[in-house]
Amino acid sequence: MTIESPFSAVRVTDRVYWVGAIDWGVRDFHGYATPRGSTYNAYLVLADKVTLVDTVKAPFVGELLGRVASVIEPERIDYVVSNHAEMDHSGALSEVLAAVKPEKLFASKMGAKALREHFAFDREITTVADGESLSLGNATLQFFEARMLHWPDSMMTYVADDRVLLSNDAFGMHLASSQRFADELDANLLRYEAAKYYANILLPLSPLVTKLLEKVGTLNIDIDIIAPSHGPIWRRDQSRIIDWYGGWAGGKAKKKAVVAYDTMWNSTAAMAKAVSEGLIAAGVETMVMSLRSSHRSDVVTEVLEGGALLVGSPTLNNGVLPTVADLLSYLKGLRPRNLVGAAFGSYGWSGEAVGHIEEALAALGISLEAEGLKVKYVPDEESLARCSAFGREIAERLGKL
Ligand code: FEO
């Protein structure tokens, strides 16, 4: 009896097939919560020289090879291209090379170095330069560097004849789904997950995203399909994701505020609520996020298009609550731009938390638009009125930006 693999490739064009893996269970990507899982997309180009572009995370190698086998015997792969050495794309590379024994392995110069440093390969890696073309006989690949998007080695592979850009991490999202194409999925879900991916991975690289978008615009290539390495493939509507990236990279802020806080005995929670009412009354779209129930990566997603970030913490041991410290540390790495901010919190006797938050926000380049607001022990009516006025003050500053 022949045992067949349950995995099938998905046709993208007559020549390009998706042969990646769906990770339904992954819930964390180095600190970024992925409640909807992810995919590791690899692509098979069925040209005279059969070429596999990227692999998958190591545990999914069987799924990758099963999908390849649904269209062609894996041993018929002639070339493997590694767009990016991070292990969600290269983890299965050693096993794939051992299984298919390709004639050549291609990577960017930095990619070749990174692959050697990860896997101690002694096999030859053919390096390709930015803009270089590779003939596959009846098809042509072209490589474009996308340095720091996401690592120094990152590059994109363009399948010229099919006008498909295999963009690797750029234009992706962490979303496991049975649908392979963005036009089969809910538009709001796509926008949220694309924004979350941008906010949590690409935000500090925004100037490079702007450069990449300019570069793509001047390459003089037609792109019908953008096929990233995570999440759905953009066909027909690829301008949607490009437009979103343009907006996020440009850092244009909406009249929106995020109030992120944690609380000890509900005093800072009551302050957060009153502050938010002040913002709302002044016409500001407001998102209140308790750090006990909101993950840091969701807070950053809301901050992405926001214009104000207000952070609240009571004082604990002369500092902030651990959840607040976690958020501030995470924000430090992601470097959100074009934000105004403010700090608030309750205290018992010393009240250092507000000062610590202000210091951290200022270090991020966030403009502090109101003096930090402290309330001793439990806010009374007068204190809550001050909180509401504090929210209105920030709203006013936000309106002037
Ligand atoms: Fe999806 Fe930078 O790896």
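This briefing covers a sheet, a pocket, two cavities and one histidine of the structure. The model is predicted. It contains an open sheet of seven strands with mixed pairing. The largest pocket holds about 300 Å³ of space, and there are two cavities of 30 Å³ or more.

**Sheet and helix 4**

- The strand order in the open sheet is 1-2-7-8-9-10-11.
- Strand 1 (10-11) and strand 11 (126-128) form the edges, each pairing on one side only.
- Strand 9 (residues 79-82) and strand 10 (residues 104-108) run parallel and are joined by four bridges.
- Ser82 has Ala107 of strand 10 as its bridge partner.
- Helix 4 (residues 109-119) lies across strand 9, strand 10 and strand 11. The angle between helix 4 and strand 10 is about 115°.

**Largest pocket**

- The volume of the largest pocket is about 300 Å³, and 16 residues line this pocket.
- Of these lining residues, Met264, Thr315, Tyr347, Gly348 and Trp349 are the closest to the pocket centre.
- Helix 8 (267-281) contributes at least two residues to the lining, and so does strand 21 (340-347).
- The lining of the largest pocket comprises seven nonpolar and nine polar residues, with no charged residues.

**Cavities**

- The largest cavity has a volume of about 100 Å³.
- Its lining consists of Leu203, Trp248, Gly251, Lys252, Ala253, Val303, Leu304, Gly306, Pro336, Arg337, Asn338 and Leu339.
- By class, the lining of the largest cavity has seven nonpolar, three polar and two charged residues.
- The second largest cavity holds about 50 Å³ of space.
- Lining the second largest cavity are Phe29, His30, Glu86, Asp88, His150, Asp169, His174, Tyr197, Ile201 and His230.
- The lining of the second largest cavity divides into three nonpolar, four polar and three charged residues.

**His295**

- His295 sits in the loop between strand 19 (285-290) and helix 9 (296-304).
- The relative accessible area of His295 is 26%, so this residue counts as partly exposed, a class that lies between buried (under 20%) and exposed (over 50%).
- Leaving aside residues up to four places away in sequence, His295 touches Gly31, Tyr32 and Ala33.
- His295 and Ser350 are 55 residues apart along the chain, and their C-alpha atoms are separated by 28 Å.

Methods:
Residues are numbered from 1 along each chain as its sequence is written. This is a predicted model: local features need pLDDT of at least 70, side-chain atom pairs count only at pLDDT 80 or more; totals for chains, interfaces and linings use all residues. Side-chain values use heavy atoms; hydrogens and water are left out. Two strands pair if DSSP finds at least two bridges between them. Contact means heavy atoms within 4.5 Å. Axes are lines fitted to C-alpha atoms, for helices over the stretch in contact, and angles run from 0 to 180 degrees between N-to-C directions. On a 1 Å grid over the protein atoms alone, a cavity is a set of points where a 1.4 Å probe fits but cannot get out, and a pocket is an open set with protein on both sides within 12 Å along at least five of seven lines; lining residues have an atom within 4 Å of a point. Grid points are joined across faces, edges and corners, and a volume is the space filled by probe spheres set on the points. Ala, Val, Leu, Ile, Met, Phe, Trp, Tyr, Cys and Pro count as nonpolar, Asp, Glu, Lys and Arg as charged, and the others, Gly among them, as polar. Buried means under 20% relative accessible area, exposed over 50%, partly exposed in between (1.4 Å probe, protein chains only).
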